[in-house]
Amino acid sequence: MSKTLTRADIAEAVQKSLGFSFSESVELVDSIVDELCSSIERNGTLKVSSFGTFNVNSKRQRIGRNPKTKQEAVISPRKVVSFYASNILNDKLNGI
């Protein structure tokens with residue numbers, strides 16, 4: 001069963017391990033996430049050592065289909081982020 005890890009969960013872990021107040025922990029987590037997002041926007045890629053790499057990919061315009069009505073629609077071009085796990089993370093996940 002999967003559980004979503006929220007910013008509040010991370011802030012709570014920071015609070016417990018570092019002894020910050022909850023509001024300080026939330027502020028710290030928010031600033032880290034904002035910096036990660038800004039870096040991806042600026043550079044198109046973000047490598048987090050021992051964790052993985054985030055890449056921005058561009059998707060072209062294409063024709064899609066509504067599965068219920070089978071009606072065709074144009075899907076506009078957009079950017080998406082993909083994640084590639086590092087070998088270290090893959091090894092931990094596989095118990096190596």
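**Entry 1: the loop at Ser-50**

I started at Ser-50, which sits in the loop between E1 and E2; strands here are DSSP runs of E with at least two residues, helices are runs of H or I with at least four, and both are numbered from the N terminus. Before going on I noted that this is a predicted model, where local features need pLDDT of at least 70, side-chain atom pairs count only at pLDDT 80 or more, and totals for chains, interfaces and linings use all residues. I also noted that residues are numbered from 1 along each chain as its sequence is written, and that side-chain values use heavy atoms, with hydrogens and water left out.

What caught my eye at Ser-50 is its phi near 65 degrees, a positive value in a residue other than glycine. I looked up its exposure too: Ser-50 has 44% relative accessibility, so I put it down as partly exposed (buried is under 20% relative accessible area, exposed is over 50%, partly exposed is in between, with a 1.4 Å probe and protein chains only).

Lys-70 also has phi near 65 degrees, again positive and again not a glycine. I found Lys-70 in the loop between strand E3 (62-65) and strand E4 (72-75). Its relative accessible area is 57%, so Lys-70 goes down as exposed.

**Entry 2: aromatic rings**

Next I went through the rings. How many aromatic pairs does the structure hold? I got two, using the rule that rings of Phe, Tyr and Trp (its six-membered ring) pair if their centres lie within 6.5 Å, with planes under 30 degrees apart called stacked, over 60 edge-to-face and the rest tilted.

Phe-51 and Phe-83 make a tilted pair, 5.3 Å centre to centre with 45 degrees between the planes. This pair links distant parts of the chain: Phe-51 is in the loop between strand E1 (45-48) and strand E2 (52-59), Phe-83 is in strand E5 (residues 78-85), and they are 32 residues apart. I have Phe-51 as partly exposed at 38% relative accessible area, and Phe-83 as partly exposed at 35%.

Phe-54 and Phe-83 have ring centres 4.8 Å apart and planes at 45 degrees, so that pair is tilted. It too links distant parts of the chain, with Phe-54 in strand E2 and Phe-83 in strand E5, 29 residues apart. Phe-54 is partly exposed, at 22% relative accessible area. Put together, the ring pairs link Phe-51, Phe-54 and Phe-83 into a cluster.

**Entry 3: salt bridges**

I searched the whole structure and got five salt bridges, each being a side-chain nitrogen of Lys or Arg within 4 Å of a carboxyl oxygen of Asp or Glu. I wrote up some of them.

Asp-9 and Lys-3 meet through their side chains at 2.9 Å, N to O. Of these partners, Asp-9 is partly exposed at 25% relative accessible area, while Lys-3 is exposed at 67%.

Glu-12 and Lys-16 form another bridge, at 3.3 Å, N to O. Where do Glu-12 and Lys-16 lie in helix H1 (residues 7-18)? They are four residues apart there, so about one helical turn separates them. Glu-12 is partly exposed at 36%, and Lys-16 is exposed at 66%.

Glu-72 bridges to Arg-65, with the closest N and O atoms 2.9 Å apart. I have both Glu-72 and Arg-65 as exposed.

**Entry 4: a nonpolar patch**

I then looked at the surface and found a nonpolar patch of about 410 Å², made by Leu-18, Phe-20, Leu-28, Ile-32 and Leu-36. Patch residues need over 30% relative accessible area and no salt bridge; like charges are joined within 9 Å, nonpolar side chains (Val, Leu, Ile, Met, Phe, Trp, Tyr) within 5 Å. Helix H2 (residues 22-43) gives the largest share of the patch, three residues. I checked Leu-28, which lies in helix H2 and is partly exposed at 31% relative accessibility.

**Entry 5: the whole chain**

Last, I zoomed out. The protein has three helices and five strands, and from the N terminus on they run α-α-β-β-β-β-β-α.

The radius of gyration is 19 Å, whereas a compact globule of 96 residues would be near 12 Å (taken over C-alpha atoms; the globule rule is 2.2 Å times the number of residues to the power 0.38). Along the principal axes, the C-alpha atoms fill a box of roughly 55 × 35 × 35 Å. I noted that buried residues make up 12% of the 96.

Notes. Areas by Shrake-Rupley, 256 points an atom, 1.4 Å probe, with all protein chains shown as cover.
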